[in-house]
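Trainee: Could you take me through one part of this model closely, and then show me how other parts look by the same kind of reading? I would enjoy a slow walk with the reasoning spelled out.

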Amino acid sequence: MTAEGTTERVLRLLSLLQRRLSWTATELADELGVTDRSVRRDVERLRALGYPVHATAGVGGGYQLGAGTRLPPLLLDDEEAIATAVSLRLASGGTVAGAGEAALRALAKLDQVMPPRLRGEVRAVHGATETLLGPGVEIDAELLVTLARACRDAVRVRFLYTSARAGAGRGGAERGGAGDGGAERERTVEPVRMVATSRRWYLMAYDVDRDDWRTFRLDRMRDVTATTWRFQPREHPDPVAFVQRGVTEAPYRHLARVRLRARPEQVRELVPPQVGRVEEDRDGWCVLVSGGDNLDAIAVHVAWLGFEAEVLEPPELRESAARLARRLAAMAQVE
């Protein structure tokens, strides 16, 4: 076989190893149309190029592409290349500090080697796409890595945290204890998962001192340190649902529950998850749960949705809705 043929086969082998966690020599030989011996030689060629290909003997053994001391080139198929390029373009205006510049550098490298037909598709997607929201609060990338490793390795994390206001309820978004609105205090937690909304990052963790689950905003953390103390993971609530409940309910003076004559998916199209939570109900109705500091504003928002509505709680929201109705009726009068 020519050198060109051997190179093409080695690149195909690399693509296969990147596609799946583990392959047997026989499986690889069948995919490449060569013998097991040729597979072994091609694996050695990859190793010589810096790719850490691990081999396990025995039943169930095979070849696996591992992590090395440096990042080797990756092979992407057409769909992966398009998805990566589009994601990098979006990341260039994201909420992770420093990620924008890194994303642009990676995009430039990818764009340089991308075939013209794929480059045109990527630019078409980007040209037809706009982002509704501007960038939110920027989070340091090193902080994300520290917390991600702590979640993965189940080690406690210590940090200083600035509360937004006093009186957070159990299980809600963390705001501190009674009378410590805006105070900065040291916290020690057992992290479980990070959850990102369109504008903010949150950490769901077990607060060791308060003996309860809490939600923490990453932009309010300072001096974050992963300790050497390993913990036994506990049973925990669903992180996404827990954080959503915390950011839509706990930070506000009022918590509203309103029945709407609509399917849950209809309401979710209009209400972002960080604004309200939609619960299943019966007979073509659903329940919207949302918090706010102003009942009049909640009444306006519910009316804007355009569905038949029934206030479940608080009773004061009915009074706000009545005031809104009178104002609108007065506006509609013709002299």
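Mentor: Gladly; what follows begins with an aromatic cluster and then moves on to helices, a hairpin and a few single residues. Please keep in mind throughout that this is a predicted model.

Let us start with the rings. Four aromatic pairs are counted in the model. In one of them, Phe159 and Tyr161 have ring centres 6.1 Å apart and planes at 75°, so this pair is edge-to-face. Both of these residues, Phe159 and Tyr161, are buried. Phe159 also pairs with Phe216: here the centres are 5.4 Å apart and the planes stand at 80°, so this pair too is edge-to-face. Phe159 belongs to strand β5 (residues 155–162) and Phe216 to strand β8 (residues 212–217), so the contact ties together parts that are 57 residues apart in sequence. Phe216 is buried, as is Phe159. Taken together, Phe159, Tyr161 and Phe216 make up one aromatic cluster.

Rings also meet charges in this model. The charged end of Arg20 sits over the ring of Trp23, 3.8 Å from the ring's centre. Likewise, Arg234 lies over the face of Tyr206, and the distance to the ring centre is 3.7 Å.

Now for the helices, beginning with α7. This helix covers residues 141–153, and its 13 residues should span 18 Å at 1.5 Å a residue; the end C-alpha atoms are 18 Å apart, which agrees. Its buried residues are Leu143, Leu144, Leu147, Ala150 and Cys151. Looking down the axis of α7, you find these buried residues within an arc of 130°, so they line one face of the helix. A general point helps here: an α-helix has 3.6 residues a turn, so residues three or four places apart point the same way. On the face of α7 turned away from the buried side are the exposed residues Glu142 and Arg152.

Helix α4 can be read in the same manner. It runs over residues 78–91, and for its 14 residues the expected span at 1.5 Å a residue is 20 Å; its end C-alpha atoms are 20 Å apart, in agreement. Buried in α4 are Ala81, Ile82, Ala85, Val86, Leu88 and Arg89. Down the axis of α4, the buried residues fall within an arc of 160°, so they line one face of this helix. At the start of α4, a side-chain oxygen of Asp77 comes to within 3.3 Å of the backbone nitrogen of Glu79.

Next, a hairpin. Strands β11 (residues 276–280) and β12 (residues 286–292) pair in the antiparallel sense, with five bridges. One residue to follow is Arg277, whose bridge partner in β12 is Val289. Five residues lie between the two strands of the hairpin, and Asp283 in the turn has a positive phi of about 55°.

Two single residues round off the walk. Tyr51 is in the loop between α3 (36–48) and β1 (53–56). With a relative accessible area of 7%, Tyr51 counts as buried, because the cut-off for buried is under 20%. The C-alpha atoms of Tyr51 and Ala67 are separated by 8.2 Å, with these positions 16 residues apart along the chain counted as their sequence separation. Pro315 is found in helix α11 (residues 315–332) and is partly exposed, its relative accessible area being 47%. Between the C-alpha atoms of Pro315 and Ala256, which are 59 residues apart along the chain, the separation is 9.3 Å.

Note on methods: Residues are numbered from 1 along each chain as its sequence is written. This is a predicted model: local features need pLDDT of at least 70, side-chain atom pairs count only at pLDDT 80 or more; totals for chains, interfaces and linings use all residues. Side-chain values use heavy atoms; hydrogens and water are left out. Two strands pair if DSSP finds at least two bridges between them. Helices (H or I, at least four residues) and strands (E, at least two) are DSSP runs, numbered from the N terminus. The expected span of a helix is 1.5 Å times one less than its number of residues. Buried means under 20% relative accessible area, exposed over 50%, partly exposed in between (1.4 Å probe, protein chains only). The arc is that of the directions from the helix axis to the C-beta atoms. A polar contact is a pair of N or O atoms within 3.5 Å; within protein, one must be able to donate a hydrogen and the other to accept it, and residues adjacent in sequence count only if both atoms are side-chain atoms. Rings of Phe, Tyr and Trp (its six-membered ring) pair if their centres lie within 6.5 Å; planes under 30 degrees apart count as stacked, over 60 as edge-to-face and the rest as tilted. A charge sits over a ring if NZ of Lys or CZ of Arg is within 6 Å of the ring centre and within 35 degrees of the ring normal.
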